[in-house]
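Here are a few notes to read alongside the model. Have a look at the picture before going through the points.

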Amino acid sequence: MNVFLWIVAGVLAAFFLAAGATKLTQSKAKLEANPQMKWTEDFSAGTIKFIGTMEVLGALGLILPGILDVATILVPLAATGLAIIMLGAIVTHGRRKEYPQIGINTVLLILALVVAIFRFGPNSF
């Protein structure tokens, strides 16, 4: 189970690191031009940068504490934070009737919850 959780955490970390870095490095106008990122029209540039920062920090929090064996409680906390971000994404896409994105966000939410539940519980470090 430990290997499975590391794989799930690694996949989540890679996804959120890339997604967060995109939000941090591209302008709001460039993000709005992407058909997958039309939701950015509803948020300020500062809010988009904040979301990107939280995604990058969450990605790092999924991996670094476990690898370094320091403050390992941060792993399930990071997974919980990313799950909360995905809940917000589901609500945002639902309001905008962007249903394909809801499916992706739901899968990411479930994976983040799996890591959070098992790292808080029976498979903690």
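The points below go from the overall fold to a few aromatic side chains.

1. First, a reminder that this is a predicted model. The protein chain has 5 helices and 0 strands, so if you walk along from the N terminus you meet α-α-α-α-α, going by how helices and strands are assigned from DSSP runs.

2. On overall shape, the C-alpha atoms fit a box of roughly 40 × 25 × 20 Å along the principal axes. The radius of gyration is 15 Å, which agrees with the value near 14 Å for a compact globule of 125 residues.

3. How is the chain packed? Of the contacts with a separation of 6 or more, 64% join residues 24 or more positions apart. Buried residues account for 37% of the 125.

4. Now the outside: the accessible surface is about 6,700 Å², and carbon and sulfur atoms contribute 73% of that. As for charge, there are 9 positive and 6 negative side chains, with the centres of the two sets 3 Å apart.

5. Searching the whole structure turns up 3 aromatic pairs. One of them is Phe15 with Phe16: the ring centres are 5.3 Å apart and the planes sit at 90°, so this pair is edge-to-face. Phe16 is buried because its relative accessibility is 0%, while Phe15, at 37%, is partly exposed.

6. Trp39 and Phe43 also make an edge-to-face pair, at 5.6 Å centre to centre with 70° between the planes. Here Trp39 counts as buried at 9% relative accessible area, and Phe43 as partly exposed at 25%.

Technical notes:
Residues are numbered from 1 along each chain as its sequence is written. This is a predicted model: local features need pLDDT of at least 70, side-chain atom pairs count only at pLDDT 80 or more; totals for chains, interfaces and linings use all residues. Side-chain values use heavy atoms; hydrogens and water are left out. Helices (H or I, at least four residues) and strands (E, at least two) are DSSP runs, numbered from the N terminus. The radius of gyration is taken over C-alpha atoms; the globule rule is 2.2 Å times the number of residues to the power 0.38. Buried means under 20% relative accessible area, exposed over 50%, partly exposed in between (1.4 Å probe, protein chains only). Contact means heavy atoms within 4.5 Å. Accessible areas come from the Shrake-Rupley method with a 1.4 Å probe; for residues, only the protein chains shown count as cover. Lys and Arg count as positive and Asp and Glu as negative; His and the chain ends are not counted. The place of a charge is taken as NZ of Lys, CZ of Arg, CG of Asp or CD of Glu. Rings of Phe, Tyr and Trp (its six-membered ring) pair if their centres lie within 6.5 Å; planes under 30 degrees apart count as stacked, over 60 as edge-to-face and the rest as tilted.
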